[in-house]
Amino acid sequence: MSGYNTWLREGNFINGQWVGADSGETIDVTNPATGDVIGTVPNAGGAETARAIDAAQAAFPDFAAMDLMSRVGLLWKLHDALMDNADDLAELLTVEMGKPLAEAKGEITIGAQYIRWFAEEARRAKGEIVPAGVNGRRILVTRHPVGVVGMITPWNFPSSMLARKIGPALSVGCTVVAKPATATPYSGLAWAALAEEVGFPKGVLNVVTGSARKIAGAMMDSPAVRKITFTGSTEVGKELIRQSADTVKKVSMELGGNAPFIVFDDADLDKAVEGAMASKFRNAGQTCVCANRLYVQAGIHDAFVARLVEKTEALKVGNGLEEGVDQGPMVDMNAVEKVEEFISDARQKGGEVVTGGARHDKGGSFFKPTIITAATQAMMFAREEIFGPLAPVFRFDSEEEVIKLANDTEFGLACYAYSQDLGRAFRLNEGLDYGMIGINSGLITTVEAPFGGVKESGMGKEGGSQGLEDYLDTKYVCIDGI
Ligand code: NAP
């Protein structure tokens, strides 16, 4: 068998078994490109999640005590299984989420890279021997897996958002209960199917689908869950931070963004446009690191806009499974309506739609790639995450001014700047309040680097050597009388 059905699982994976919801209820999963139902998943809740937590807790001691190289070996096998099945997994991702197949394949590939990266990093999760203040003592700092980890992920990167959590957790010996987004559960359940196939012990990786409130509630209430890692909206993230207080869990939060994309007069125009296209229109603008506000300096503004419009009008919109498609549908009609609201607000406040601006003739949730010029700080998109294929262009004059404008938001995830001036690159690094800065690059996600935001974009890092930290507790042993 090949194709997306190979890895489509309609059950939940709890303690090594594929099971339905206790109630027998299911949720339909639809393909946003066609509206067709592609299958169902269990509508599970608190009781099923509690069983998954019990299974993860029971599996934890043996898994944490497993020989490091045996655990690392399992992660290598997981990496290989992903790569061997990348075509089918990518098709499954496109069918449930809508992104073009090439992007879906890229997501599966980077997910596999995260697994391999953390298999490597776990071998370097070193402790320390620290000089003691008095003779006769030795101080050792050691690191230990935190225990059971609860994971909650969004629909926009349904496979790789879990890779960045499953990789570090499993590599250091934590066990997992994961809840994928309801719109895109199959790429999450596929992780369980792959883990089962490569031989992870039962209970190590559990995946539950259904009511977000009930599943997350069971995770938050359980003292056995020692860490929650969440990727999603800032609103839900704040709620989870509050809930984590009762059992004092570690939390990692990868939340919303409002990325400025700054183009200075001295930028390489072609590279800047290429970067803006990749940053803005990848995944139909539905990424947390998407360029949300394009600030373009007065001297290059008109040339930049002309080139950007030309490239935007050349984008092919369609079903992500079709050859040559650059932009798939938006995830649902709510997302379409939200983009329409941004456009209408901007129009009322003097914004000019220079291309797109409306639903696509293909119908459904397809939307025309859109550019608005004469954008101002009074418009909604200056404050809020767009999460759609809409690029607002703001004009600015000086470096000092644009740093202020770029920082004028509660978010601090990714930002971008194009300039040939090396001194300016350093000034931007120091002046921009963001967790990630792309200088002359519109695509910055890579396994070697710590992905994550500051301010209300979250806390904790995913990737890099820092990506292991949140899955480890630090202990210290003081040995006296030596
Ligand atoms: P969302 O509504 O916050 O949902 C994310 C996850 O949380 C889903 O699994 C969702 O379940 C669950 N959820 C919803 N309400 C919940 C509640 N009250 N308690 C516990 N869990 C709950 O976000 P989204 O719309 O799917 O994703 C888009 C957001 O994610 C954007 O803001 C984007 O910037 C952010 N994001 C951030 C990063 C990053 O690395 N910083 C990466 C990707 C996306 P259901 O699906 O069942 O509702």
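In which sense do β3 and strand β4 pair, and over how many bridges? The two strands pair in the antiparallel sense, over five bridges. The legends below describe this hairpin and several other close-up views of a predicted model.

**View 1. The hairpin of β3 and β4.** Strand β3 covers residues 26–30, and its partner β4 covers residues 37–42. Across the pair, I27 stands opposite V41 in β4. Six residues lie between the strands of this hairpin, and G35 takes a positive phi near 80°.

**View 2. The two faces of strand β3.** In a regular strand, side chains alternate between the two faces of the sheet. Strand β3 shows such an alternation: I27 and V29 point to one face and are buried. The side chains of T26, D28 and T30 point to the other face and are not buried.

**View 3. The shell around the ligand.** The ligand is surrounded by 29 residues, and the closest are T153, T182, S233, L255 and E385. By type, the residues of the shell divide into 16 nonpolar, eight polar and five charged.

**View 4. Polar side-chain atoms at the ligand.** For E385, a polar side-chain atom lies 2.4 Å from an oxygen atom of the ligand. For T182, the distance from a polar side-chain atom to an oxygen atom of the ligand is 2.5 Å. R164 also has a polar side-chain atom by an oxygen atom of the ligand, at 3.3 Å. On its own the ligand has 910 Å² of accessible area, and the protein covers 85% of it. The elements that give two or more residues to the shell are α5 (160–172), α7 (212–221), β10 (225–231) and α8 (234–244). Of the elements, α7 gives the most to this shell, with three residues.

**View 5. L162 in helix α5.** Helix α5, one of the elements that give two or more residues to the ligand shell, holds L162. L162 has a relative accessible area of 0% and so counts as buried. L162 and F230 are 68 residues apart in sequence, while their C-alpha atoms are 9.7 Å apart in space.

**View 6. N156 in the loop before α5.** N156 is placed in the loop between β7 (148–152) and α5. Is N156 buried or exposed? N156 is buried, because its relative accessible area is 5%, under the 20% limit. The side chain of N156 reaches the backbone oxygen of Q286 at 3.1 Å.

**View 7. S244 in helix α8.** S244 is placed in helix α8, which is also among the elements that give two or more residues to the shell around the ligand. At 5% relative accessibility, S244 is counted as buried. The side chain of S244 reaches the backbone oxygen of I241 at 2.7 Å.

**View 8. V248 in the loop after α8.** V248 sits in the loop between α8 and β11 (250–254). Most residues other than glycine have a negative phi. V248 is not a glycine, yet has a positive phi of about 45°. Its relative accessibility is 63%, so V248 counts as exposed.

**View 9. K455 in the loop between β18 and β19.** The loop that holds K455 runs between β18 (436–439) and β19 (458–459). K455 has a positive phi of about 50° although it is not a glycine. With a relative accessible area of 40%, K455 is partly exposed, because this value falls between the limits of 20% and 50%.

**View 10. A378 in the loop between β15 and β16.** A378 is found in the loop between β15 (370–373) and β16 (390–396). A378 has a relative accessible area of 55% and is therefore exposed. A378 and V454 are 76 residues apart in sequence, and their C-alpha atoms are 24 Å apart in space.

**View 11. Cysteines without a bond.** How many disulfides does the structure hold? The structure holds zero disulfides. For C290, the closest cysteine sulfur is that of C288, at 8.1 Å, which is too far for a bond because a disulfide requires the sulfur atoms to be within 2.5 Å. C290 is buried, with a relative accessible area of 5%. C174 also counts as buried, at 0% relative accessibility.

Conventions:
Residues numbered from 1 in each chain as written. Predicted model: local features only at pLDDT ≥ 70, side-chain atom pairs only at ≥ 80, totals over all residues. Heavy atoms only, no water. Buried < 20%, exposed > 50% of the residue type's maximum accessible area, 1.4 Å probe, protein only. Near = heavy atom within 4 Å. Polar contact = N/O pair within 3.5 Å; in protein donor to acceptor, adjacent residues only side chain to side chain. Areas by Shrake-Rupley, 256 points an atom, 1.4 Å probe, with all protein chains shown as cover. Helix = DSSP H or I, 4+ residues; strand = E, 2+ residues; numbered from the N terminus. Nonpolar A, V, L, I, M, F, W, Y, C, P; charged D, E, K, R; others polar. Pairing = 2+ DSSP bridges.
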